[in-house]
Amino acid sequence: MTIWVDADACPGVIKEILFRAAERTGTRVTLVANQPVRTPPSRLIDSLQVSSGFDVADDEIVRRVEPGDLVITADIPLAAEVMEKGGHALNPRGELYTRDNIRVRLNMRDFMDTMRSSGVQTGGPPPLGPREKQAFANHLDRLLQQR
C-alpha cells in the first residue's frame, strides 16, 4: 500500500500524523502538489511536484494509484475516481469515503457550487479541531492494520 496525499490543501497537522504513521508501519507516503512540499528525511516519505493547473495534482494521483492504495484528500471528485480504481480515500477531517456516501457527497458538492455561483455566501468548513484530528488518526490506523 502507498499513501498518496493531495498535499496542496492538506493541513500540516495531518501531514505530521501521516509522517509518524509511515515510520511506525513502514508505509510509503507520497505528497503530490503544484508547489514544493517539505518532507522529513525518510526513505518512506517523498514528494512529487507537478505543474500548475486545474486538477493536475489530482490527475497525477489518479494515474498512479493502485488498488488498495490510500489517498488523503478533501476533493470529493478525486475521492470518487480513486475508489473507481479500487483505492481508498480518507478526508483530512477523518471521514472515510465509501461507496455508500460518495454519491451523496458529490451531490452536496454540486449543490453548494450552484449556491455559490448564484451569489449565496456559504462559508468554508470550520477549523480542524481535536475531534477531527483524532477521527483521522483512528481511520488511518484501522486502514493500515487491515493491509
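A residue counts as buried when its relative accessible area is under 20%. On that basis E60, at 16% relative accessibility, is a buried residue. The structure described here is a predicted model.

The protein chain contains five helices and six strands. Read from the N terminus, the order of elements is β-α-β-β-α-β-α-β-β-α-α. The chain has 147 residues, for which a compact globule would have a radius of gyration near 15 Å. The protein chain has 15 Å, in agreement with that figure. Along the principal axes, the C-alpha atoms fill a box of roughly 50 × 30 × 30 Å.

Burial and contacts were then examined for the chain as a whole. Of the 147 residues, 39% count as buried. Among contacts with a separation of 6 or more, 48% come from residues 24 or more positions apart. The exposed area of the protein chain is about 8,400 Å². Carbon and sulfur atoms supply 51% of that area. The chain carries 19 positive and 20 negative charges. The mean positions of the two sets lie 6 Å apart.

Five salt bridges are found in a search of the whole structure. One of them joins the side chains of D46 and R28, with an N to O distance of 3.7 Å. D46 belongs to strand 3 (residues 45-49) and R28 to strand 2 (residues 28-33), so this pair ties together parts that are 18 residues apart in sequence. Both partners have intermediate accessibility. D46 is partly exposed, with a relative accessible area of 31%. R28 is likewise partly exposed, at 34%.

Further salt bridges occur in helix 2, which spans residues 56-64. E60 pairs with R63, and the closest N and O atoms are 2.7 Å apart. These two residues are three positions apart in the helix, so about one helical turn separates them. E60 also meets R64 in a salt bridge, at 2.5 Å from N to O. R64 and E60 are four residues apart in helix 2, again about one turn of the helix. Together, E60, R63 and R64 are linked in a network of salt bridges. The accessibilities within this network vary. E60 is buried at 16%. R63 is exposed, with a relative accessible area of 56%. R64 is partly exposed at 33%.

E60 is one of the buried residues of helix 2, listed with A57, D58, I61 and V62. The buried residues of this helix pack against several other elements. Among the strands, they meet strand 1 (2-6), strand 2, strand 3 and strand 4 (70-72). They also pack against helix 3 (76-84). Strand 2 and strand 3, which hold R28 and D46 respectively, are thus among the packing partners of helix 2 as well.

Two further positions were examined individually. T39 is found in the loop between strand 2 and strand 3. Its relative accessible area is 28%, and T39 is therefore partly exposed. With residues up to four places away in sequence left aside, T39 touches F19, L31, I45, D46 and S47. D46 in this list is also the salt-bridge partner of R28. T39 and C10 are 29 residues apart along the chain. Their C-alpha atoms are separated by 13 Å.

L70 is located in strand 4. At 0% relative accessibility, L70 counts as buried. Its contacts, not counting residues up to four places away in sequence, involve several stretches of the chain. They include M1, T2, I3 and W4. H88, A89 and L90 are also touched by L70. L140 and L143 complete the list. L70 and V29 are 41 residues apart in sequence, with a C-alpha to C-alpha distance of 9.4 Å. Strand 4, where L70 lies, is also one of the elements against which the buried residues of helix 2 pack.

Definitions and conventions:
Residues are numbered from 1 along each chain as its sequence is written. This is a predicted model: local features need pLDDT of at least 70, side-chain atom pairs count only at pLDDT 80 or more; totals for chains, interfaces and linings use all residues. Side-chain values use heavy atoms; hydrogens and water are left out. The radius of gyration is taken over C-alpha atoms; the globule rule is 2.2 Å times the number of residues to the power 0.38. Buried means under 20% relative accessible area, exposed over 50%, partly exposed in between (1.4 Å probe, protein chains only). Contact means heavy atoms within 4.5 Å. Accessible areas come from the Shrake-Rupley method with a 1.4 Å probe; for residues, only the protein chains shown count as cover. Lys and Arg count as positive and Asp and Glu as negative; His and the chain ends are not counted. The place of a charge is taken as NZ of Lys, CZ of Arg, CG of Asp or CD of Glu. A salt bridge is a side-chain nitrogen of Lys or Arg within 4 Å of a carboxyl oxygen of Asp or Glu.
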